[in-house]
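The following exercises concern one protein structure. Please work through each task before reading its solution.

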Amino acid sequence: MRKKRAITSMLLAAVLLLGGCGNGAQQTAEGSEPESGAVSEEGTVEENDSAGKDGQNADGKNFSEAATVTFFSTETDAALAALTTLIDNFNAENEYNITVEISTPSDYETLMKTRMASNNLPDIFGTHGWAVRRYDEYLYDLSGESWAGSVDDGIRNIITDESGKLCALPLGQAIEGIQFNKDVLDTYGINPLELDTWDKFVAALEKIRDESNGEVAPMFLAGSEVGITGFFTNSLCAVNVGGNEAAGANALLHGEEFDWKYVAQVMQAYKDLADNELFNDGYMTAQVPDMIEAIATGKCAFIFLGTQVMEGASAANPDLNWGFMPYPAMSDLGATEPAFVNGEQGTYGIWKDSPNLEVARKVLEYLAQPENIAYYCNNSGKPAGIDGVELELAEKNEYYGIFTDVKAVGQFDRTYLPNGLFDVMGDAQAKVLMGSIDAEEGAKMMQEEYDRLFGKAE
């Protein structure tokens with residue numbers, strides 16, 4: 001089973017432990033609450049009028065009977081607090097007798113697989129990276145909704161299938177890159193804006209290693225969890241294999257011939273960091289709290305898990321001066337430009353067979369309003385999934401406004417691989433790092449599992 005959600009929970013739990021934040025979600029929310037009355041009185045849908053006007057559904061029937069909409073989410077902490085506020089506002093304000101019941105099941109993926117098997121899904125649910133590859137056949141086409149034309153191009157292709165069906169509403173985007181302690185970089189004269197290639201990035205790590213005499217870890221790896229180890233592999237593959245046309249990753253979508261040497265090269269580049277002492281001491285046993293303490297106190301320069309970790313590290317050290325940058329391009333693989341990895345966090349679709357289909361559409365219509373997107377994103381620290389929304393993120397950290405023109409690519413496993421390969425990727429990379437297998441054998445582990453799983457998928 002995938003470990004990413006568990007990793008996020010670990011990160012946030014560690015953040016609270018180190019920062020002494022207590023109530024977590026409520027204390028990290030900063031944006032002002034959206035004004036009441038955000039639900040339109042008519043609830044019209046301009047491009048797809050099947051929801052009707054004046055509170056009518058597709059059959060022209062008024063929403064006079066109370067409806068309860070089930071809403072499953074994978075959100076945690078600040079993002080969950082913001083989403084819950086919006087849902088509470090909708091429940092209080094809407095004139096259609098709609099009540100939304102939001103829940104966050106602990107074993108989300110297992111529960112959703114069970115619900116898919118019985119074709120009994122929630123009315124609205126978070127797609128958590130699998131809008132197209134897993135949930136497509138169960139989702140209602142949202143491409144005709146009034147807000148659909150405003151979906152940001154950075155995530156549109158990730159949540160749109162080959163037929164043009166828009167599978168989800170993206171409240172925000174999971175823009176993942178490499179995070180850094182800006183004061184540490186300044187100490188060693190490193191400009192993160194110049195680290196656009198892997199060679200330049202590695203040179204910066206080596207500079208920190210040499211000039212700090214081992215006092216500062218160039219990069220921190222919390223390798224006690226193979227899911228975190230695999231996260232970096234997955235991200236580097238997303239940018240330098242999936243985002244690299246020369247690698248031909250699209251072949252993986254259809255079980256066609258793919259040269260796994262590209263994955264092996266990523267695994268070897270990762271191993272080279274370890275061999276050249278560019279990670280922290282004890283990197284295979286270090287844990288997430290160790291990583292957060294190191295980045296917060298200047299004992300390391302770079303980490304690679306997500307901006308939400310840095311928000312938490314700031315709770316441990318309010319004076320922390322931090323930033324983030326895209327993953328650099330590996331020119332040896334044919335990659336030509338750096339990129340962020342864009343995942344589905346805060347993306348919600350509607351079950352196509354929902355008995356509450358029309359009222360569920362009104363819920364998403366409400367959430368898609370600019371003031372509600374702004375509230376969610378300002379509090380969760382995510383860029384908006386809808387264009388034209390003014391956010392306060394750049395006021396909190398200048399780097400939110402610096403890399404706005406850098407491309408974003410989809411997560412490698414969720415874009416190109418069958419479900420189940422992420423754990424194998426992490427396990428293979430961990431074995432490569434420990435030297436029990438080489439990079440070619442690590443890629444071979446993935447290839448064999450891909451062949452097996454793809455055969456099952458067919």
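**Exercise 1.** Which helices and strands each supply at least two residues of the lining of the second largest pocket?

*Solution.* Begin with the source. The model is predicted: local features need pLDDT of at least 70, side-chain atom pairs count only at pLDDT 80 or more, and totals for chains, interfaces and linings use all residues. Residues are numbered from 1 along each chain as its sequence is written, and side-chain values use heavy atoms, with hydrogens and water left out.

Step 1. Helices (H or I, at least four residues) and strands (E, at least two) are DSSP runs, numbered from the N terminus. On a 1 Å grid over the protein atoms alone, a pocket is an open set of points where a 1.4 Å probe fits, with protein on both sides within 12 Å along at least five of seven lines; lining residues have an atom within 4 Å of a point.

Step 2. The elements sought are the helices α8 (226–242), α15 (412–416) and α17 (439–457), together with the strands β10 (340–343) and β12 (408–410).

**Exercise 2.** Describe the volume and the lining of this pocket.

*Solution.* Step 1. The volume (the space filled by probe spheres set on the grid points, which are joined across faces, edges and corners) is about 710 Å³ for the second largest pocket. Of its 32 lining residues, Val132, Arg133, Glu162, Leu253 and Thr415 are the closest to the centre.

Step 2. Sort the lining by class: Ala, Val, Leu, Ile, Met, Phe, Trp, Tyr, Cys and Pro count as nonpolar, Asp, Glu, Lys and Arg as charged, and the others, Gly among them, as polar. The lining has twelve nonpolar, twelve polar and eight charged residues.

**Exercise 3.** How do the axes of α10 and α11 cross, and which residues make the contact?

*Solution.* Step 1. Axes are lines fitted to C-alpha atoms, for helices over the stretch in contact, and angles run from 0 to 180 degrees between N-to-C directions. The axes of α10 (residues 288–297) and α11 (residues 307–316) come within 9 Å and cross at roughly 70°.

Step 2. The two helices are therefore roughly perpendicular (65 to 115 degrees) to each other.

Step 3. Contact means heavy atoms within 4.5 Å. Met291, Ile292, Ile295 and Ala296 of α10 make the contact with Val309, Met310, Ala313 and Ala316 of α11. By class, this contact has eight nonpolar, no polar and no charged residues.

**Exercise 4.** At what angle do the axes of α8 and α9 cross?

*Solution.* Step 1. These axes come within 10 Å and cross at roughly 130°.

Step 2. This angle makes α8 oblique to α9; oblique covers angles outside the ranges under 35, over 145 and 65 to 115 degrees.

Step 3. Residues of α8, including Phe232 and Leu236, meet residues of α9, including Val266 and Tyr270. The contact has ten nonpolar, two polar and no charged residues.
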